[in-house]
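User: Hi! I'd like to learn how to read a few features in a structure like this one. Could you walk me through them?

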Amino acid sequence: MDLEILKDMLKENLQTKIDLLSKDLKTNDFDSILNVAHQLKGNSGALALGYNNVNDLGKKLEKIAAKKDLPGIKKIIKELQTIQKNIR
């Protein structure tokens with residue numbers, strides 16, 4: 001598969017996760033946030049493309065969401081947005 005297609009797929013996938021996290025944050029749905037965090041942690045596409053920080057943020061998000069740390073979750077969402085916007 002073409003590298004550009006993989007990058008586009010990763011961008012779309014991250015945007016979907018960011019949108020879901022933002023919605024879950026508004027409703028305090030920590031179970032869903034934990035689920036998204038787990039998916040980010042295991043995102044093999046991000047690893048394959050060298051975006052290890054996506055997986056690292058997934059690990060951090062799991063810990064932060066377990067503590068129900070709203071400011072921490074917001075920070076992770078902002079970091080994911082930055083990564084998503086910078087995928088080229």
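Analyst: Happy to! A helix here is a DSSP run of at least four residues, and helices are numbered from the N terminus. Keep in mind that this is a predicted model. As a case, serine 32 lies in helix H2, which covers residues 30-41.

User: Is serine 32 buried or exposed?

Analyst: Buried means under 20% relative accessible area. Serine 32 has a relative accessible area of 16%, so serine 32 is buried. Leaving out residues up to four places away in sequence, serine 32 touches Leu20 and Asp24.

User: And which residues have the most contacts inside the largest nonpolar core?

Analyst: That core has 24 residues, and those with the most contacts inside it are Leu14, Leu21, Leu40, Tyr51, Leu61, Ile73 and Leu80. The elements giving two or more residues to this core are H1, H2, helix H4 (52-66) and helix H5 (70-86). Take isoleucine 73: beyond its neighbours within four places in sequence, its contacts include Leu25, Phe30 and Leu61.

User: How do I read the other end of the scale, say alanine 66 in helix H4?

Analyst: Exposed means over 50% relative accessible area. Alanine 66 is at 55%, so alanine 66 counts as exposed.

User: What about leucine 3, in helix H1 (residues 3-27)?

Analyst: Values between those two cut-offs are called partly exposed. Leucine 3, with a relative accessible area of 44%, is therefore partly exposed. Together with Ile5, Leu6 and Met9, Leu3 forms a nonpolar patch on the surface, with about 340 Å² of accessible area in total.

Conventions. Residues numbered from 1 in each chain as written. Predicted model: local features only at pLDDT ≥ 70, side-chain atom pairs only at ≥ 80, totals over all residues. Heavy atoms only, no water. Patch = residues over 30% accessible without salt bridge, like charges linked within 9 Å, V, L, I, M, F, W, Y side chains within 5 Å. Areas by Shrake-Rupley, 256 points an atom, 1.4 Å probe, with all protein chains shown as cover. Salt bridge = Lys/Arg side-chain N within 4 Å of Asp/Glu carboxyl O. Buried < 20%, exposed > 50% of the residue type's maximum accessible area, 1.4 Å probe, protein only. Contact = heavy atoms within 4.5 Å. Core = buried A, V, L, I, M, F, W, Y, C linked by side-chain atoms within 4.5 Å.
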